[in-house]
Amino acid sequence: MRTINRIIFSFLVIFAFGGCQDAEPKLESLIVPTNLNIVTEVADDESGNVTVTATADDAISMHVIFKENADPIVVSPGEPARFQYIQSGEYTQNITVIAYAPGGISSSRTISIDLDVKLLIDPEILKMIAGDGSKRWVWNKEETGHWGADAAFNEQNDGYKAPPNSLKSCAYDDVLIFSYDNNDTYRYQMELGEDNETLLNWAEVQYFFPNANPEQYNDECRDITVTDPKMETDTSFLIFRGEDGELYIQVENSTLSFWSGATVYKILELSDDLLSVRGDHKPILEDIEIAYYHEFRPEDYDPNKDPDFTNLVWEDEFDMAGAPLEANWNYDIGRGSNGWGNNEAQYYTDRSDNVIVEDGLLKITAKKESYEGADYTSARLLTQDKFEFTYGRVDVRAKLPGGGGTWPAIWMLGANFPEVGWPRCGEIDIMEYVGNNPGKVQSAIHTPSSSGATVNVKQTEIQNETTEFHVYSVIWSENKISFLVDNEKFYTYEPEIKNDQTWPFDLDQFLILNVALGGTLGGNIDPNFTESTMEIDYVRVYQ
């Protein structure tokens, strides 16, 4: 059997060598594409959309390069290639078409087209990303997940989420600058750090450096502003709504810092203080399309900074003498239940003896007098059912009453108070002052989790509170409530866990101004007390 196998093997070897000797190599003739014809269609709606259709004899594919350094769009002969120019204005643009024949032989032709492009970004969106004309963004590097990556078929990032400060420093040196002008020209610049380097996805290094041998998952700091192709650091941007109804941002022939290969990103979140995007791309050395996640903050972002509420939505300047404006104010009348729940001694009225507007000031006067079974009178004004709001800034310029037992307050109460009661409605005390404890004011929060003798309270020292005007303010946002005196913040309420027990502050509240006497906070009333007045110059609400 072994002898037979050797004979058969020898025969096959002889047959194989004999067959090779009969073969003659042949060189196929190389054909160059000719008669390259280019037809362009420029949309006349100022959208920047351009269609190029190219044909050539003996061509099998067309590479259409719409801009210098841009990747070609590859189509078959006669198949339209489409592109949108996002730089606004009137200008001339070169387009190069390369026709390829079998064997890789090519011919090319460059043409010029005239463009008149005017693309508009929604003003509110533009203000968020570019401020009042220009805005600088940097990586949100202190947060986990400021950079991430996952398979693109997953709708959210279930993959890698970068720990704080874990990228290479060349990424954190980048500053993204979005700006615009009165001609609706949208400009994007990427300000690079040392040696013009930015961070490249390891799997895309060969796009710029074909001979490189990158280490897997080891992203590299490289200068790609002088390579061929190269990345643009001063170009245009556009924010548009895609066919799926979502917002996208495109930076033409550039990147949002880390180069993944994506130039169009889905906007996951955009606010004055946060830009979160996702860019999908299949890198050269990856087998599947990857979703890359980037998160940025304004360069001057301060996590402790309160929102800037600057739009004046409601005010009372008290410039009309007489009774306070009926359109703005209601009154609580009487002694309430158990002295308004606090053992207060006064009877609230709407008489001019207790509340009046004169000399451009609202004056609320607490008086010692026998009235309706009480030994004292005062007034409490409120905007309930007349002005109620959610989130904003309140400024009240006031001079406080003095004297033992006085308890003036500028505060807010949830508009759902009649339905859910207190403290479920939530209470925000902008300013409380105790005449028995001069030189200090306090602010407080009352919620179901802590009310009455609330733990959510803080005092601050103040001078000349009864002889000079000061501005008492609150800044109420969806995450926290901050209190200020003369624009100096001294207390912020920001519970770690927000629920109906700690945060009943996502619904409307109304304003209250009053001067109480005695009670649980006012304390003992000075027997020599006769009267004292809180004077208010203005009440202003901004959103």
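## How the strands are named

Strands here are DSSP runs of E at least two residues long, and helices are runs of H or I with at least four, both numbered from the N terminus. Two strands count as paired if DSSP finds at least two bridges between them.

The model is predicted, so to speak of a local feature we ask for pLDDT of at least 70, side-chain atom pairs count only at pLDDT 80 or more, and totals for chains, interfaces and linings use all residues. Residue numbers run from 1 along each chain as its sequence is written, and side-chain values use heavy atoms, with hydrogens and water left out.

## A sheet of three strands

Let's start with β1, β2 and β5. In that order, these 3 strands make an open, antiparallel sheet. β1 and β5 (81–84) are the edge strands, each pairing on one side only. On average, neighbouring strands here are turned by 20° against each other, direction ignored; the axes behind that angle are lines fitted to C-alpha atoms (for helices, over the stretch in contact), and angles run from 0 to 180 degrees between N-to-C directions.

Looking at β2 and β5, you'll find 4 bridges in the antiparallel sense. If you want a residue to click on, try T51: its bridge partner in β5 is R82. On the way from β1 (34–42) to β2 (49–57), the chain runs through a loop that holds D45.

## A sheet of seven strands

Another open sheet has 7 strands, and its pairing is antiparallel too. Reading across, the order goes β21-β26-β35-β28-β29-β30-β31. β21 (330–332) and β31 (457–461) sit at the edges with a single partner strand each, so one side of each has no neighbour in the sheet. The average turn between neighbouring strands of this sheet is 20°, direction ignored.

At the β21 edge, the partner is β26 (residues 380–382), and the two pair in the antiparallel sense over 3 bridges. One contact to look up is D332, whose bridge partner in β26 is R380.

## Backbone oddities in the loops

Two prolines are worth a look. The peptide bond from D228 to P229 is cis, with omega near 5°, and P229 lies in the loop between β14 (220–222) and β15 (234–241). The bond from W422 to P423 is cis as well, with omega near 10°; P423 is in the loop between α6 (417–420) and β29 (427–433).

Then there's N165, which isn't a glycine but still has a positive phi of about 55°. Its spot is the loop between β10 (160–161) and α3 (169–172).

## A long-range salt bridge

The whole structure has 18 salt bridges, each defined as a side-chain nitrogen of Lys or Arg within 4 Å of a carboxyl oxygen of Asp or Glu. One of them joins the side chains of K489 and D306, at 3.0 Å from N to O. This pair ties together distant parts of the chain, 183 residues apart. K489 is in strand β34 (residues 488–493), while D306 is in the loop between β19 (290–298) and β20 (312–316).
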